[in-house]
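Here is a protein model to look at together. The questions below ask what stands behind each label, and the answers set values against definitions.

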Amino acid sequence: MASPYDHYKAVPNPPAKFSEKKKKPKLVAVVDEDNCTGCQACVPFCPVDCIAPVPKDKYNIPIPPVQIKFNECIGCSVCARVCTNLTWDAIDMLTINEFEAVHHIELTDDKFPPYGIPKAPKAT
Ligand code: SF4
Ligand code: SF4
């Protein structure tokens with residue numbers, strides 16, 4: 001019989017110290033800001049410390065959602081597992097190609113600039 005605590009097993013311990021991105025990953029995390037409660041449960045689990053609250057003036061609400069510094073993300077999916085298993089379901093993992101096409105942001109092999117390089121949408 002499944003234990004009520006089984007879903008916690010998908011969640012690793014928070015990192016003792018942070019590392020950093022060395023190359024462009026295959027996946028990147030994207031927060032659905034409309035679905036995020038701003039609980040920040042995911043924040044200490046990110047191995048590269050790239051999750052932070054959005055600036056308060058963006059929504060002008062007491063507890064803003066979080067956002068990912070996309071170009072620092074290593075695509076480990078830990079934040080998505082934390083959100084799904086411990087709190088909510090507000091983080092999607094996208095392939096880099098999908099992310100760059102949908103968000104019109106180019107990611108790089110290093111972690112600069114933190115949010116990637118905006119690119120102009122293709123004319124339709
Ligand atoms: S755990 Fe989920 S709901 Fe909580 S801040 Fe992170 S993304 Fe938002
Ligand atoms: S997938 Fe989530 S936990 Fe992993 S590096 Fe990216 S933002 Fe951090």
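Q: What covers the buried residues of α2?
A: The cover includes β1, β2 (51-53) and β4 (91-95). Helices and strands here are DSSP runs, H or I of at least four residues for helices and E of at least two for strands, numbered from the N terminus. This is a predicted model, where local features need pLDDT of at least 70, side-chain atom pairs count only at pLDDT 80 or more, and totals for chains, interfaces and linings use all residues. Residues are numbered from 1 along each chain as its sequence is written, while chains are lettered from A and ligands numbered from 1 in the order in which they are written.

Q: Which residues in α2 are called buried, and what makes a residue buried?
A: In α2 they are Val78, Cys79, Ala80, Val82 and Cys83. A residue is buried if 20 or more other C-beta atoms, placed from the backbone, lie within 10 Å of its own; with 12 or fewer the residue is exposed, and in between partly exposed. Of the 124 residues of the protein chain, 23% count as buried.

Q: Why is Met1 called exposed or buried?
A: Met1 has 4 other C-beta atoms within 10 Å, so the label is exposed. Met1 sits in the segment before β1.

Q: How do Asn60 and Ser77 fare by their counts of C-beta atoms?
A: Asn60 counts as exposed because there are 7 C-beta neighbours inside 10 Å. Ser77 has 15 other C-beta atoms within 10 Å and is therefore partly exposed. Asn60 belongs to the loop between α1 (56-59) and β3, and Ser77 to the loop between β3 and α2. Neither is a glycine, yet phi is positive in each: near 55 degrees for Asn60 and about 75 degrees for Ser77.

Q: Why is β1 described as largely enclosed by the rest of the structure?
A: Four of the five residues of β1 are buried, so the description fits.

Q: What makes β1 and β4 a pair?
A: Two strands pair if DSSP finds at least two bridges between them. β1 and β4 have five bridges, in the antiparallel sense, so the definition is met. Leu27 stands opposite Thr95 in β4.

Q: What is called a nonpolar core, and which residues have the most contacts inside the largest one?
A: A nonpolar core is a set of buried Ala, Val, Leu, Ile, Met, Phe, Trp, Tyr and Cys residues joined through C-beta atoms within 7 Å. The largest has 23 residues, and Ala29, Cys42, Ile68, Cys79 and Ile91 have the most contacts inside it. The elements giving two or more residues to this core are β1 (27-31), β3 (66-68) and α2 (78-87), and α2 gives the most, with five residues.

Q: Which residues come nearest to ligand 2, and what makes a residue near?
A: Ala29, Cys46, Cys73, Cys76 and Cys79 come nearest, of the 14 residues around ligand 2. To be near, a residue needs its C-beta atom, placed from the backbone, within 6 Å of the molecule.

Q: How do you know that the chain agrees with a compact globule?
A: With 124 residues, a compact globule would have a radius of gyration near 14 Å, and the protein chain has 15 Å, which agrees. The radius is taken over C-alpha atoms, and the globule rule is 2.2 Å times the number of residues to the power 0.38.

How values were computed:
Two residues are in contact if their C-beta atoms, placed from the backbone, lie within 7 Å.
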